[in-house]
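Colleague: Please show me the model, and then let us go through a few of its helices.

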Amino acid sequence: MINKLIEALIKRKTVIFILLAAFTIAGLNCYKNFPRSSFPKADIPLASITVIYPGATSEEVEKEVTNKIEKICQSVNGYDECTSQSMANACAVSLRFDTEMPADELDMALIELRRKMSEAMSDMPSGVTSISVRSDAMDTASLLIAVTGNELVSNDVLSQRATDLSDKLKLIDGVSQIKIFGNNDSEVSVRVDPEKLNTMNLSLYEITSMISANNAFMPIGNMTVEDNKISVNTSGRYDSIDEIKGIIIGSSDEGALVTLGDIAEIDIKEPDDSAYYLFNDQKSILVGLYFKTDLNVVAKADEVKTAIEEFRS
């Protein structure tokens, strides 16, 4: 029986070669169009809880916060295990759910977790400022693009360039969302000269109050136009460093007005404790692209490169 089958195949070898070629072409075509990603999506039932406790040591955080958070996690439906890290000013707890949980039960467990964390705020030390829960901790970007500049380029300029680039990349078909990492907001630094401050007979608290008072958003009343009431507000928000330098804080013995810029150095800088990314030893802002599922991300690389080149020009 087998010998007859082999003889029949040999006699029809042309047909066999045609079938093999057809299967090969079909296989190559399937491979080309098969969805691929540099970082394939992995659905891991994981949630991360972050608690901010400014001014507390790592030991205080562990005793007063982390242990309580872990006990709450253990009471959540579907709990499997959790790991934690206590550090100065904050703690991070990672909760893993049972991998066999159905999707609808996992959604309910996450709702339960968020509710319990919200209720736990009242049991935390008064210094705790926030408790946040994230269920997308394992999501990874399909593509990461670094926006860099030399030491003369400010973080605000890099941040704006990254935002402009993300607006262009959003137009690419298949992009589900874009996240920007490392775009820390700059802050105003006011360094007061102690001797000049004493000469004005002022305290740092009074200086802070003056700055805050001039940066307030205040309602001043309503205006009626054709039986319609319009709320009228006045905004003293600062638009430039010069406005802050020009805040009047008092007068000298000769009667001349003294401004904040006369007793302090004022400039804009990045927060000292801000996290940042490095690319080729240069400070960078990262733009992360997330594509829709079942999409061939590798095939989209050329389209992304074209969009970046157009953005550069």
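Modeller: This is a predicted model, in which local features need pLDDT of at least 70, side-chain atom pairs count only at pLDDT 80 or more, and totals for chains, interfaces and linings use all residues. Residues are numbered from 1 along each chain as its sequence is written, and side-chain values use heavy atoms, with hydrogens and water left out.

Colleague: Is Ser166 buried or exposed?

Modeller: Ser166 lies in helix 5 (residues 155-169); helices are DSSP runs of H or I with at least four residues, strands E runs of at least two, numbered from the N terminus. Its relative accessible area is 4%. Buried means under 20%, exposed over 50% and partly exposed in between, with a 1.4 Å probe and protein chains only. Ser166 is therefore buried.

Colleague: Which residues does Ser166 touch, not counting those up to four places away in sequence?

Modeller: Contact means heavy atoms within 4.5 Å. With that exclusion, the residues touched by Ser166 are Ile178, Ile180 and Val287.

Colleague: How are helix 5 and helix 10 oriented to each other?

Modeller: Axes are lines fitted to C-alpha atoms, for helices over the stretch in contact, with angles from 0 to 180 degrees between N-to-C directions. Those of helix 5 and helix 10 (residues 297-312) come within 10 Å and cross at roughly 135°. Under 35 degrees counts as roughly parallel, over 145 as roughly antiparallel, 65 to 115 as roughly perpendicular and the rest as oblique. The two helices, helix 5 and helix 10, are therefore oblique.

Colleague: Which elements do the buried residues of helix 3 pack against?

Modeller: The buried residues of helix 3 include Val61, Ile69 and Cys73. They pack against strand 1 (46-52), strand 2 (79-87), strand 3 (90-97) and helix 4 (103-120).
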